[in-house]
Amino acid sequence: MGLSVPAVAVLLVALLCLDPHGRVGSAPICAHGPSGCHVPSLADLFDRVIQHSARMHSLSNDLHSEFEQYFLPSKNHIGKIYRKCHTSNILTPNGKENAQKLAREELTEVILKLLMAWRDPLFQLHQSMAHQQDFNSFSSNKALEMGDMAHELRKGVEKVAEKMRVLGMLGNSVTGLSAAEAMLPLSDSGEAMSDYELLYCFRRDSNKVQNYLKILKCRIVPEHDC
Amino acid sequence: MNTCGIDPAHLRNRATEIKRETAEAMAYSLSLGLLYLGLLCGNGLVSARSELFTPDPSRGPHFTGCRSREQETFRCWWSAGIFQNLTEPGALRVFYQTKNALLSEWQECPDYTHTVKNECYFNKTFTHIWTSYCIQLRSVRENITYDETCFTVENIVHPDPPIGLNWTLLNVSRSGLHFDILVRWAPPPSADVQMGWMSLVYQVQYRVRNASHWEMLDLESGTQQSIYGLHTDKEYEVRVRCKMSAFDNFGEFSDSILVHVAQIPSKESTFPTMLVLIFGVIGLVILLVLLIFSQQQRLMVIFLPPIPAPKIKGIDPELLKNGKLDQLNSLLSSQDMYKPDFYHEDPWVEFIQLDLDDPPEKNESSDTQHRLGLSRSGSSHVLNFKSDDDSGRASCYDPEIPNPEDLASLLPGHSGRGDNHPLVSRSISSIPDLGVQQTSEVEETPIQTQPAVPSWVNMDFYAQVSDFTPAGGVVLSPGQLNSSPEKKKEEENEKKIQFQLVSDGAYTSENTARQLSTEVPPSPGPEQGYQTFPTQAVEGNLWNGEYLVSTSDSQIPYLLPEAPPAPILPPVSDYTVVQEVDAQHSLLLNPPSLQPAICPHSPNKHLPAMPTMPMGYLTPDLLGNLTP
């Protein structure tokens, strides 16, 4: 072989960096600033984040259906027992118009709050699912993946918020979430929520996050029919 | 939990009972309703009215369903059931409650649809997504809650069917039997997909027209899909429906569209292909035949490999063909299988002569036939008492013993046998073994055949065969020397010879045969020690020509040397020297010296003193002594 492996790697990286269409996949490694590298636009960032949230919601839906199928077969899909989630205290817009009326900063903050609130409960959920023998390993892996996704999504949304702040679209009212914001998932009676309740709640909240992000994107990035 | 002035315990109990009942009822009725809905959609009716849900007539008032089309509003329907007295409007009322953080109370349905019976419509203001609703069906007059159900709006979303379903032909197969189409549609206008408020996935179904089974394709998030493998000349129906991704509720189907592609009769398309196929096959066959003929030799080698030639390890076959004798000898001597020492140990083996076999004339005829003289070849025959080579005999050659009858048949008396009589020869090598074998009664005389051994003349170790005993023994004359040692020798020799003659199973000599054959009276003089044979006996009729035949040449076996055969009883010397053995294995004798026949001494002069040895045999080492 004429070229050694490190030389090939360097060449490859250089090609990726120089390629103006190299937007596919993750962001290119740019150690020295924007020279030669293409920074993804806000629209791209939003797209990625929205895709990520869609995946997360899909996972949560799968887990919830699985749980329902195996553990609560008597439930029909219309009659849902009301469950109070630990995130019910967070004021969230309950409709499209309400979300559209909300300020960008508030919307962003709501999203971040929701994601932050689910950091620990998801970890707890994975732990409890992994320990139970009723779940197969596939389900517990899904729970773990879901927790990781939530974490990454939060990081992504923070980056988006940062970018928006840089671009001047957001005011400075968006504050970093403190540790006090993290809530423990407690039900009304103070007991820890069961796995099914957690899944139910997270399914709902992930749908919220997904839709909020879409509304936010539509408001931030001007597109047709938005 | 808010009680609204009603006893909580009673209400709770009642509520649970009702919940259970309604849960089951709802499931059943909803499934029936959906089925009916599906059927009606196939006929193209508009969707989602309360009448479409088949109410359960056996039940009391109950909800028949709640649906949202675009996740912004929703409707609920109920039925009075068997309580026909409650069918007038206003008798039953719907109350709802949103179960969110805020404590909320039961509120009545915001909008009873006027156009549709028993429908409650919640507009955007009253629709809260991600909020649990509980609705109740009450008869206010009687203050009875007949039914209650809870849900969240996103879980009851059934999107409207897609619009604008159309198809375009992608391609038709070469045979004209199949075609592919591309089906396109647009999302329902009520769904806000641009913003992404509803992310829809679609499902396309198709079937042959009026068939019973719909083919379902995979969920498609785009707004177009290809359908492959449709048959021409068949009419197809295609329809599409949608649902929210990550949710389970499909909306209704769109209107079906008809797809039909006429089959183009293309007979000429098949004809060229058939021709091409036929010509291709013919060409291939021709090519194959040419290939086989051109490569015939190689193919023969491949399919019928030649049998490998025998190969001696370490010896080049070319050398065997073309090499010189010295090289061959050295080569062969280096091989293990050839043991020259063997020869020295058993000198007789060295001189095994295979001349008994006469390959071109043998013709695989048996020994018996040989003896019987049935073989017709005119060349020299050998009385072949040797059977097949692989008879498993010892190292020394061990010929068979012919039967006396067979031997007798050789006699000229049995002249009917034919012209040729096999002659006898023997080799030295066979003698020792023969000497020790018991043979049957055979009258034989060992003949000593020495190829090209000249100077025997002076040997004293020959004895003349004077007579044959009836028993088959050969009586030897004591010899003409009359010298006691010689006589003794001769006597010894005689005995030995007799012994050997008796024991020699395979051979007889011309002399023997002659003696056997002819009715020659005993020798004119025993003291002469020889017998003369009538020449007639020698003539070709009886004997094979080459072998000691021509008495005219005075070729006489050494035992009984004779004068030139022209006279019948020529004065012959007792002994003569075998000059050589010619190619046909006949003994060429020296012409007898014109010595007086009754000169007994002459042979004696010629015979050197020889050590005692078996009559008629000469060992190679003795030969070495003899040769000058």
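A good place to start is a salt bridge between the two chains: the side chains of A:K96 and B:E72 meet at 3.1 Å, N to O. Keep in mind as you explore that this is a predicted model.

That pair has company, as three salt bridges are found across the interface of chain B and chain A. The interface brings 34 residues of chain B into contact with 29 residues of chain A. Together the chains bury about 2700 Å² between them, and 54% of that area lies on carbon and sulfur atoms.

Now let's turn to the helices inside chain A. Here are two helix pairs side by side:

| Helix pair | Axes come within | Crossing angle | Handedness |
|---|---|---|---|
| α5(A) and α6(A) | 8 Å | roughly 170° | left-handed |
| α6(A) and α7(A) | 13 Å | roughly 25° | left-handed |

Helix α5 of chain A covers residues 119–131, and helix α6 of chain A covers residues 137–167. Their crossing angle is over 145°, so α5(A) and α6(A) are roughly antiparallel to each other. Where they meet, α5(A) offers residues including A:L122, A:L125 and A:M129, while α6(A) brings, among others, A:A143, A:L144 and A:R154. By class, this contact has eight nonpolar, four polar and two charged residues.

Helix α7 of chain A spans residues 195–220. With a crossing angle under 35°, α6(A) is therefore roughly parallel to α7(A). A:M146, A:L153, A:V157 and A:M164 in α6(A) meet residues of α7(A), among them A:F202, A:V209 and A:I220. The contact of α6(A) with α7(A) has 10 nonpolar residues, with no polar and no charged ones.

Terms used:
Residues are numbered from 1 along each chain as its sequence is written. Chains are lettered from A and ligands numbered from 1 in the order in which they are written. This is a predicted model: local features need pLDDT of at least 70, side-chain atom pairs count only at pLDDT 80 or more; totals for chains, interfaces and linings use all residues. Side-chain values use heavy atoms; hydrogens and water are left out. Axes are lines fitted to C-alpha atoms, for helices over the stretch in contact, and angles run from 0 to 180 degrees between N-to-C directions. Helices (H or I, at least four residues) and strands (E, at least two) are DSSP runs, numbered from the N terminus. Angles under 35 degrees count as roughly parallel, over 145 as roughly antiparallel, 65 to 115 as roughly perpendicular and the rest as oblique. A crossing is left-handed if the near helix is turned anticlockwise from the far one by less than a right angle, and right-handed if clockwise. Contact means heavy atoms within 4.5 Å. Ala, Val, Leu, Ile, Met, Phe, Trp, Tyr, Cys and Pro count as nonpolar, Asp, Glu, Lys and Arg as charged, and the others, Gly among them, as polar. Buried area is the accessible area (1.4 Å probe) that two parts lose on being put together, summed over both. A salt bridge is a side-chain nitrogen of Lys or Arg within 4 Å of a carboxyl oxygen of Asp or Glu.
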